[in-house]
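Open the structure in your viewer and keep the selection tool at hand. The tour below goes stop by stop, with what to select and what is there.

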Amino acid sequence: MAGNGGIIGPVNTVSTACQAEVITYKTASGSLTTGPATTTATMLLIAGGGGGAGERGGGGGAGGVREMSIPVAGGTPYAAVIGAGGAAGPTAGTGANGEDSTFTVGCTVYTSESGGFGAKGASVAGTGGSGGGGAGGTSSSGQCGGAANTPPQPCNQGYAGGDGGLAPGNVAGGGGGGGAGAIGGTYPGASPGVAGSGGVGIAPASFPGAPFLDGTKIGGGGGGGAVCGSPIYGNTRGGLGGDGGGGAGGNSPCVPLGGSVGVAGAANTGGGGGGGSVFTPGPAPFITSYAGGAGGSGVFALKEPAVGPSAPGMWSMNTVYQYVKDGTWPT
């Protein structure tokens with residue numbers, strides 16, 4: 001049956017397409033093809049987290065997180081590129097930024113920006129989707145992801161890293177990396193004996209229970225690294241990794257709480273790597289320095305909603321009656 005029943009306007013059509021909800025997860029770069037009846041979908045795109053720095057280093061920032069509804073064409077192949085996590089900082093150096101993640105729809109490229117690296121010493125933390133934490137042992141500042149933003153306001157796709165610094169008695173600690181949901185912890189903070197914790201991630205609204213979540217969140221920042229400087233400089237503990245895949249900072253060798261290397265961010269969460277620790281009984285040169293942790297890789301998810309029969313537009317009663325009579329009017 002053609003036409004729109006005499007109503008001026010576009011020709012109306014009855015669609016009999018039926019399609020169940022489909023959720024596609026991709027932990028590696030590749031392509032996917034949408035269902036034939038899909039016209040809109042919800043995208044979750046997470047970039048790779050930044051690597052934590054070595055030697056009382058700042059934690060790496062979380063990769064940028066984007067969750068949004070986008071238009072797509074049914075039955076069309078699209079390319080997703082999943083960003084890798086940034087390399088861990090060596091025993092006496094900064095980490096590396098993560099890599100961007102992208103999803104291309106026609107001429108539109110959706111991008112989640114990489115997590116910033118954690119800084120060491122007096123160096124400046126990296127920028128990205130979320131900034132890396134500042135280094136310990138100095139008054140260096142954590143950075144925001146995106147030059148147009150100023151910490152501690154929300155960054156481009158996340159939050160700034162925390163500041164590293166010195167507490168009374170020259171006790172040092174690294175700042176936590178920025179998370180997708182909050183700024184990284186600053187050292188010294190509420191507890192001068194603990195390096196800054198990584199900023200917490202966020203729980204994606206459209207993908208609860210997704211297999212790549214670290215608990216319920218993604219995009220946690222890495223914790224800052226600790227110092228063992230007894231008896232002159234005192235001791236600190238490594239900062240906690242941010243909920244959502246952030247790696248913990250390396251613990252002081254003087255504190256029996258585990259290893260001294262920064263913990264890597266969890267894979268496919270965009271989590272930042274933790275900063276490494278250092279042992280020094282006096283002024284530099286340090287006795288032993290420990291590396292930071294690598295950033296966690298990104299991930300991509302696409303939710304295509306269920307589609308049922310429909311009849312959009314304005315219809316005359318006679319036309320509707322005829323469709324109902326023929327048994328082809330959607331219910």
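Where is the place of Arg-56? Select Arg-56: this residue sits in the loop between S3 and S4. Keep in mind throughout that the model is predicted.

**Stop 1: the loop after S3**

With Arg-56 selected, check the backbone. Its phi is near 50°, which is a positive value in a residue other than glycine. Arg-56 counts as buried, because its relative accessibility is 17% and the cut-off for buried is under 20%. Now add Glu-55, which lies in the loop between S3 and strand S4 (65-71). Phi of Glu-55 is also positive, near 60°, and this residue too is not a glycine. Glu-55 has a relative accessible area of 7% and is therefore buried.

**Stop 2: the whole protein**

Zoom out and colour by secondary structure. There are 14 strands and 1 helix in the protein. Of the 331 residues, 51% are buried. Turn on the surface: the accessible area comes to about 13,000 Å², and carbon and sulfur atoms hold 58% of that. Among contacts with a separation of 6 or more, 64% are between residues 24 or more positions apart.

**Stop 3: strand S14 and its partners**

Select strand S14 (299-304). How many of the residues of S14 are buried? The count is 6 of 6. Show the side chains: Val-299, Ala-301 and Lys-303 point one way from the strand, while Phe-300, Leu-302 and Glu-304 point the other way. The buried set includes the charged residues Lys-303 and Glu-304.

Next, add strand S1 (residues 22-26), which pairs with S14 in the antiparallel sense over 5 bridges. To find the register, look for Thr-24, which stands opposite Leu-302 in S14. Then add S3, which runs antiparallel to S14 and is joined to it by 5 bridges. Here the pair to look for is Leu-44 and its bridge partner in S14, Ala-301.

**Stop 4: the nonpolar cores**

Select Met-43, Ile-70, Phe-103, Val-105, Phe-300 and Leu-302, the residues with the most contacts inside the largest nonpolar core, which has 14 residues. At least two residues of this core come from each of strand S3 (40-46), strand S5 (77-81), strand S6 (101-105) and strand S14 (299-304). Which strand gives the most to this core? That is S3, with 3 residues.

Stay on Phe-300 and show what surrounds this residue. Leaving out residues up to four places away in sequence, Phe-300 touches Thr-24, Tyr-25, Lys-26, Leu-32, Met-43, Leu-44, Leu-45, Ala-80, Ile-82 and Phe-103. Another core, of 11 residues, lies apart from the largest one, and Leu-44, Phe-212, Leu-213 and Val-299 are among its members.

**Stop 5: the four-stranded sheet**

Now select S2, S5, S6 and S7. These form an open sheet of 4 strands in the order S2-S5-S6-S7, with antiparallel pairing. Strand S2 (30-33) and strand S7 (108-112) are at the edges; each has a single partner strand, so one side of each has no neighbour in the sheet. On average, neighbouring strands of this sheet are turned by 20° against each other, direction ignored.

Walk across the sheet from S2:

- S2 to S5: the two strands pair in the antiparallel sense over 4 bridges. Select Ser-31, whose bridge partner in S5 is Ala-79.
- S5 to S6: there are 3 bridges here, again in the antiparallel sense. Select Val-81, whose bridge partner in S6 is Thr-102.
- S6 to S7: this antiparallel pair has 5 bridges. Select Val-105, which stands opposite Thr-108 in S7.

While S6 is on screen, check its cover: 4 of its 5 residues are buried.

**Last stop: the hairpin of S6 and S7**

Follow the chain from S6 into S7. The hairpin has 2 residues between the strands. What is the phi of Gly-106 in this hairpin? The value is positive, near 60°.

Note on methods. Residues numbered from 1 in each chain as written. Predicted model: local features only at pLDDT ≥ 70, side-chain atom pairs only at ≥ 80, totals over all residues. Heavy atoms only, no water. Core = buried A, V, L, I, M, F, W, Y, C linked by side-chain atoms within 4.5 Å. Buried < 20%, exposed > 50% of the residue type's maximum accessible area, 1.4 Å probe, protein only. Contact = heavy atoms within 4.5 Å. Pairing = 2+ DSSP bridges. Axes fitted to C-alpha atoms, helices over the stretch in contact; angles between N-to-C directions. Areas by Shrake-Rupley, 256 points an atom, 1.4 Å probe, with all protein chains shown as cover.
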